[in-house]
Amino acid sequence: MNKNLKDFNMSNKLKRRKFVKTGIVAGIGTTVVPGILTGKGIDRKVRIGFIGVGSQGTNLLKACLSMQDVVVPAICDIDKEALLRAQSLVEKAGRKAPQGYSKDEEDFRNMVLREDMDGVVISTPWMWHTPMAVATMEAGKYCAPEVWGASSVEECWELIEASEETGMPCMMLENHCYDRNNMAVLRMVREGLFGELSHCQCGYCHDLRGVKFQPGVEFGHGAKGEARWRTQHSLKRNGDLYPTHGLGPIANCVNDNRGNRMVSLTSTATKSRGLHDYIVNTAGEDHPNAKLDWALGDVVTTVIKCQNGETIIINHDTNLPRPYSNMYTVQGTKGLWMEHRGLTNSVYLEGKSPEHKWESLEQYLPEYEHPLWIKFLGEGVRGGHGGAGYLKIRAFIECVKRKIPTPIDVYDTAAWIVVTPLSEQSITLGSEPVDFPDFTKGKWMNNKPIFGLTAEY
Ligand SMILES: NC(=O)c1ccc[n+]([C@@H]2O[C@H](COP(=O)([O-])OP(=O)(O)OC[C@H]3O[C@@H](n4cnc5c(N)ncnc54)[C@H](O)[C@@H]3O)[C@@H](O)[C@H]2O)c1
């Protein structure tokens with residue numbers, strides 16, 4: 001390892017230790033911490049329960065089963081087939097079959113009360129994330145809900161209150177924060193390569209028509225996969241329904257909740273044509289679903305204003321034909337990075353790059369690879385989403401094991417998911433600005449960054 005990386009590792013380890021200590025001893029950090037924080041127990045096993053083992057829950061379960069230090073005592077899913085499949089996956093991995101909970105939609109409440117569990121991973125339809133996360137924290141366990149957009153501002157406050165009252169962390173499992181490029185760029189931002197940040201862009205640009213309708217043009221009861229529940233949101237809601245894949249990594253770059261904060265946003269939606277067209281082209285004009293009036297605009301554009309003067313554009317674009325992209329841009333006084341997946345992954349750094357000529361980010365990776373990724377590449381990249389899917393759940397497990405705060409905390413979770421109801425409000429008001437609540441209640445002014453400070457989590 002070169003000297004720069006060693007120094008980076010060391011100084012960040014020290015910073016994190018100091019941060020954690022300050023948070024506990026003085027009780028003034030915004031990060032909520034559980035019980036004792038000694039770093040002891042690193043050799044012990046971590047006991048994780050799962051609620052929801054459909055498509056994504058199964059991915060996370062498989063990742064956990066590849067870890068020798070994770071035990072899965074219980075799994076809850078109302079779909080008995082999904083539950084049985086998950087239980088047998090655990091057995092096939094040579095572990096004891098977990099107890100199943102599938103009595104009814106509220107059976108998760110019984111599971112989270114078990115005493116042989118340290119944390120719970122939640123991969124259910126969006127409307128269930130908050131009640132399940134709150135019940136988990138109230139039962140004294142770490143919780144890790146998958147990504148989503150909130151249904152209301154009140155829902156976000158419920159998460160904050162539960163975490164503050166119980167002292168239990170809530171880490172939304174945002175894999176894009178752990179993407180290799182995003183972590184290298186975060187390091188470049190922190191080392192000042194882009195100068196002072198001024199503007200960022202990001203999005204969730206993913207043709208979901210084949211996900212929202214399965215099979216054919218079916219959705220709702222009797223459909224398959226996410227079409228059972230996700231599509232209903234597009235029918236009834238007009239806003240950025242899935243902000244965090246774009247916003248998570250960008251929020252880390254602008255130090256959101258840590259010396260900076262997102263203050264207000266405006267959102268504007270296009271007309272809605274994509275889903276109707278898909279139905280007509282797939283099943284014909286006479287199909288009953290062709291009569292539906294879809295609320296969700298095909299492309300929703302949100303502009304966020306930050307306290308320190310930066311702007312962030314987020315696009316939500318899920319109804320039209322297109323290849324996937326998160327459309328990241330991070331721009332400052334000394335240069336910028338732009339990534340449009342499959343098109344470009346480029347930087348321009350004034351004084352370093354040839355004048356007004358793009359360079360590939362890859363050229364900078366040998367010097368600016370994030371320590372977490374240096375370690376991961378050395379050990380062998382594994383898991384979904386290019387490895388980021390593994391890293392995010394591993395980070396959660398490490399924190400549960402060490403009984404330390406998670407690197408994505410309840411304040412991040414709330415600030416990122418609240419974009420959904422705020423963008424709906426702004427669109428309803430004709431794109432008027434809407435204020436973000438300050439979930440930290442002023443502590444953002446003194447908080448220090450917590451994400452990406454170590455090579456472990
Ligand atoms: N990070 C990523 O890249 C990524 C990718 C896909 C999905 N997701 C997220 O993961 C979550 C789950 O999505 P999915 O694709 O796995 O959906 P899915 O429909 O495949 O699975 C959801 C599961 O939850 C179960 N469920 C529903 N209500 C329940 C209840 N009350 N109690 C117990 N189980 C219940 C369902 O039976 C189903 O098995 C969503 O938040 C989604 O946005 C994230």
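Helix H2 contributes 3 residues to the shell around the ligand, the largest share. The structure described here is a predicted model. In this model, 27 residues surround the ligand, and those that come nearest are Gly-52, Gly-54, Gln-56, Asp-79 and Glu-146. Two elements, helix H2 (55-65) and helix H5 (126-138), give two or more residues to this shell. Sorted by class, the shell around the ligand contains 11 nonpolar residues, 10 polar residues and 6 charged residues. Both domains take part in the shell, since at least three of its residues are drawn from each of domain 1 (41-170) and domain 2 (176-445).

The division of the chain gives domain 1, residues 41-170, and domain 2, residues 176-445. The centres of domain 1 and domain 2, taken over C-alpha atoms, are separated by 24 Å. In the contact, 32 residues belong to domain 1 and 34 residues to domain 2. On the side of domain 1 that touches domain 2, at least two residues each are supplied by H2, strand S6 (142-145) and H6. This side of domain 1 is made up of 19 nonpolar, 10 polar and 3 charged residues.

Helix H6 (residues 153-166) packs with helix H15 (residues 410-417) at an angle of about 175 degrees, and the two axes are 9 Å apart. H6 is therefore roughly antiparallel to H15, as angles over 145 degrees are classed in this way. On the H6 side, the contact is formed by Cys-156, Leu-159, Ile-160 and Ser-163, which meet Val-410, Thr-413, Ala-414 and Ile-417 in H15. The residues of this contact comprise 6 nonpolar and 2 polar residues, with no charged residues.

Strand pairing was examined for S12, S13 and S14. Strand S12 (residues 335-340) and strand S13 (residues 344-349) run antiparallel and are joined by 6 bridges. Within this pair, Ser-346 in S13 stands opposite Met-338. S12 and S13 form a hairpin in which 3 residues lie between the strands. One residue of the turn, Gly-342, has a positive phi of about 85 degrees. S13 also pairs with strand S14 (residues 359-360), again in the antiparallel sense, over 2 bridges. Here Ser-346 has Ser-360 in S14 as its bridge partner. Ser-346 thus stands opposite Met-338 and is also bridged to Ser-360 in S14.

Definitions and conventions: Residues numbered from 1 in each chain as written. Predicted model: local features only at pLDDT ≥ 70, side-chain atom pairs only at ≥ 80, totals over all residues. Axes fitted to C-alpha atoms, helices over the stretch in contact; angles between N-to-C directions. Helix = DSSP H or I, 4+ residues; strand = E, 2+ residues; numbered from the N terminus. Parallel < 35°, antiparallel > 145°, perpendicular 65-115°, else oblique. Contact = placed C-beta atoms within 7 Å. Nonpolar A, V, L, I, M, F, W, Y, C, P; charged D, E, K, R; others polar. Near = placed C-beta within 6 Å. Domains from an automatic or database assignment. Pairing = 2+ DSSP bridges.
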